[in-house]
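Q: I would like a close look at a single part of this model, taken slowly, with each term explained as it comes up. Please keep to what can be read from the structure itself.

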Amino acid sequence: MPPAGWSRSGGGIVSGRVLRLAEGLISRACRSLPDEIRDDRYREWTAELPHILADPGIRFAPRRALRTLLFAADQSRGARPPRRRSQSPGAAGNGWRPARAGSRPRRPDSDLARPTPSRVIGAAVAVFEIVLIVSGISGWALDVYAGVGLLVLWLMTLARSRHIRHINRTSHARTPEPSLRRR
Amino acid sequence: MTAPLERVLRAFLEDPAAARYGYGLMKAAKLPSGTLYPLLARLEDEKLVTSAWETPTEDGQRPRKYYKLTGDGIRVARLDLAALPAKVTAAPSLTRLAPGTTS
């Protein structure tokens, strides 16, 4: 059943799509988690989605949809191992383990702040969509903008993965075993 | 203690016996999900918080996971939060003194 206050023009369809999109984002975030906790976290986080989408404390349906997507999207940050604490020997346990062998390595910190063209375009599209969603557009228009957003995010992910592969190749060429050298 | 941790502990201590869901804690602590859940995992690791799945309901909704402070968690949270205001209130009282005045 669609949440109260949801738009009449295909609101149920939109809420279903928002849920599926949010579940996809959470599923993607959970890939970086260890096997032992992955299913548990996926179940926990996806169980919250319908409650956010039906939250009576948020008045407008598009804002609830946005909140749901933000909740899901931010889990990629929550599923990442912390930057320094877990890497230092003897650091207090924080519930997360180092990334599995074969998973995507993190980029060097200096690279994180660099405004690449894809990031600038992605940020501009995200801001544009947020303004549209918050201003009350729903139904098919929201679908179109969400589609454009997803396309841009997909292109950004492609560009980023190529960029990361390039960085890894060059850093491996320079420093074959950085962690061993530190010890 | 970091500000997010402080907010989470304060949210828990509003009603220490109550079971809190992740989204409820997010709203109470005003924290994004990507900050809250790692904190909860850390607190659970340190045995300050315990978690459990709710009983599945008949309407087919997925069971949610809820969190509660343990006895140790309540004690530690109260002690740590009680130690905080002293640091916060000490600084403003100094700024209130006008030059040349004594307290």
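A: Helices (H or I, at least four residues) and strands (E, at least two) are taken here as DSSP runs, numbered from the N terminus. This is a predicted model, in which local features need pLDDT of at least 70 and side-chain atom pairs count only at pLDDT 80 or more, whereas totals for chains, interfaces and linings use all residues. Residues are numbered from 1 along each chain as its sequence is written, while chains are lettered from A and ligands numbered from 1 in the order in which they are written.

The part chosen is helix 3 of chain B, with its surroundings. Chain B has four helices and three strands, and from the N terminus on these elements run α-β-α-α-β-β-α. Confidence comes before detail: pLDDT is the predictor's confidence in each residue, on a scale from 0 to 100, and its mean over chain B is 83, with 81% of the residues reaching 70 or more. Over residues 89-95 of chain B, however, the pLDDT is below 50, and this stretch has zero contacts in the model beyond near neighbours in sequence; two residues are in contact if their C-beta atoms, placed from the backbone, lie within 7 Å. Where pLDDT is low, the predicted coordinates should not be read in detail. For the model, the scores are ipTM 0.79 and pTM 0.59.

Helix 3 of chain B covers residues 33-45. The expected span of a helix is 1.5 Å times one less than its number of residues, so the 13 residues of helix 3 of chain B should span 18 Å, and this agrees with its end C-alpha atoms, which are 18 Å apart. For burial, a residue counts as buried if 20 or more other C-beta atoms lie within 10 Å of its own, as exposed if 12 or fewer do, and as partly exposed in between, with C-beta atoms placed from the backbone. By that rule, the buried residues of helix 3 of chain B are Ser33(B), Thr35(B), Leu36(B), Tyr37(B), Pro38(B), Leu39(B), Leu40(B), Arg42(B) and Leu43(B), while of the 103 residues of chain B, 25% count as buried.

Helix 3 of chain B also takes part in the interface. There, 17 residues of chain B are in contact with 18 residues of chain A, and the elements that give two or more residues to this side of chain B are helix 2 (22-29) and helix 3 of chain B. Helix 3 of chain B gives the most, with eight residues. By class, this side of chain B has seven nonpolar, four polar and six charged residues, where Ala, Val, Leu, Ile, Met, Phe, Trp, Tyr, Cys and Pro count as nonpolar, Asp, Glu, Lys and Arg as charged, and the others, Gly among them, as polar.

The loops on either side of the helix each hold a residue with an unusual backbone angle. Most residues other than glycine have a negative phi, and most peptide bonds are trans. In the loop between helix 2 and helix 3 of chain B lies Lys30(B), whose phi is near 55 degrees, a positive value in a residue other than glycine; Lys30(B) is exposed, with 11 other C-beta atoms within 10 Å. Just after helix 3 of chain B, Lys47(B) takes a positive phi of about 60 degrees, and this residue is found in the loop between helix 3 and strand 2 of chain B. Lys47(B) counts as exposed because it has 12 C-beta neighbours inside 10 Å.

Beyond that loop comes the sheet. Two strands pair if DSSP finds at least two bridges between them, and three strands of chain B form an open sheet in the order 1-3-2, with antiparallel pairing. Strand 1 (20-21) and strand 2 (49-53) of chain B stand at the edges, each with a single partner strand, so one side of each is left without a neighbour in the sheet. Five bridges join strand 2 to strand 3 of chain B, and among the pairs Val49(B) has Leu69(B) as its bridge partner. Strand 1 of chain B is joined to strand 3 (residues 65-69) of chain B by two bridges: Arg20(B) stands opposite Tyr67(B), and Tyr21(B) opposite Tyr66(B).
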